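Colleague: Could you take one part of this predicted model and walk me through it slowly? I'd like to hear how its residues sit and what they touch, and then how that part fits in with the rest.

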Amino acid sequence: MEPRARAGKNVGKMNFNHNELAQLLYGHGDSKTPLPETVRVLDELITDFIQGVGFEATRAAHHAGRQKVKFEDFEFAMRRNPRFMGKIQEVFEKKKEIEAARKNFNIEDQLMKDADKEEKEKEKKGDKEKGGEGGKKDKGAGSTVSGAGTKRKRQQNDKELESEELDELDDDLDAEADIGTAAKRR
């Protein structure tokens, strides 16, 4: 199967946008409005190049006994042109970096979700324990019991904030002691 044989069905059709090719030509020194024939020739050249590279990569994959085309197949197809090979390798390196960053981001996101779940479970357990004490309410005393529950929650939250501040202060002092700046402060 020769790549040129399949190109016959695209004769006369533009595969790329006329404006994009005109901008590409302008960026490489042509006039702002290139001739339509020039744009058509560039479209044919690009289409032939992409089909040729795809054909070579497909042939390499077939020779290796695979139906799917892999990155290595494109590397093999471009092996004779170091410029194209370098550009392809650069694009795939960037792709790997992006995938690694997404993976790290997803792990951090999952850790945050797990921490939120744990906090909610702790709150539910705390509410159930408090609900067990105040669960035997009179019908008329509902407002005072719920008011006392919110007061307890506020006090508990204040205590937690104070302990967190102290923990952070202790951590700061420990860190400074490691550096040696705590001795200067005291």
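**A close look at H2 and its surroundings**

Modeller: Let's come in from the side, by way of a threonine. Setting aside residues up to four places away in sequence, Thr-47 touches Asn-15 and Phe-16. Thr-47 belongs to helix H3, and at 11% relative accessibility it counts as buried. Keep H3 in mind, as it comes back in a moment.

Now for the part I'd pick, helix H2, which covers residues 18-27. Just ahead of it is Asn-17, which caps the N-terminal end of H2. The cap is a side-chain oxygen of Asn-17 lying 3.2 Å from the backbone nitrogen of Asn-19. At the other end, H2 is followed by Gly-29, a residue with a positive phi, near 105°.

Which residues of H2 are buried? They are Leu-21, Ala-22 and Leu-25. Look down the axis of H2 and these buried residues fall within an arc of 100°, so they line one face of the helix. Turn to the face pointing away from that buried side and you'll find the exposed residues Gln-23 and Gly-27. And what covers the buried residues of H2? Helix H3, residues 36-63, is part of that cover.

How far should you trust all this? H2 has the highest mean pLDDT among the elements of the protein, at 92, while helix H7 (residues 181-185) has the lowest, at 49. For the protein as a whole the mean pLDDT is 76, with 66% of the residues reaching 70 or more. A stretch to treat with care is residues 134-146, where pLDDT stays under 50. For that stretch the model has 3 contacts beyond four places in sequence.

Zooming out, there are 7 helices and 0 strands in the protein. Buried residues account for 13% of its 186 residues. Of the contacts between residues at least 6 apart in sequence, 35% join residues at least 24 apart.

Further along the chain, helix H4 (residues 71-77) has some details of its own. Asp-73 is found there, and this aspartate is buried, with a relative accessible area of 3%. Leaving out its neighbours within four places in sequence, Asp-73 is in contact with Ala-57, Ala-60, Ala-61, Arg-66 and Lys-68.

Then there are the rings. The structure holds 2 aromatic pairs. In one of them, Phe-71 and Phe-92, the ring centres are 4.1 Å apart and the planes meet at 50°, so the pair is tilted. Phe-71 lies in H4 and Phe-92 in helix H5 (residues 82-134), so this pair ties together parts that are 21 residues apart in sequence. Phe-71 counts as partly exposed at 21% relative accessibility, and Phe-92 is partly exposed too, with a relative accessible area of 28%. The cut-off for buried is under 20%, which is why Phe-71 at 21% falls in the partly exposed class. One last ring to look at is Phe-76: the charged end of Arg-79 sits over it, 3.9 Å from the ring centre.

Conventions:
Residues are numbered from 1 along each chain as its sequence is written. This is a predicted model: local features need pLDDT of at least 70, side-chain atom pairs count only at pLDDT 80 or more; totals for chains, interfaces and linings use all residues. Side-chain values use heavy atoms; hydrogens and water are left out. Buried means under 20% relative accessible area, exposed over 50%, partly exposed in between (1.4 Å probe, protein chains only). Helices (H or I, at least four residues) and strands (E, at least two) are DSSP runs, numbered from the N terminus. The arc is that of the directions from the helix axis to the C-beta atoms. Contact means heavy atoms within 4.5 Å. A polar contact is a pair of N or O atoms within 3.5 Å; within protein, one must be able to donate a hydrogen and the other to accept it, and residues adjacent in sequence count only if both atoms are side-chain atoms. pLDDT is the predictor's confidence in each residue, from 0 to 100. Rings of Phe, Tyr and Trp (its six-membered ring) pair if their centres lie within 6.5 Å; planes under 30 degrees apart count as stacked, over 60 as edge-to-face and the rest as tilted. A charge sits over a ring if NZ of Lys or CZ of Arg is within 6 Å of the ring centre and within 35 degrees of the ring normal.
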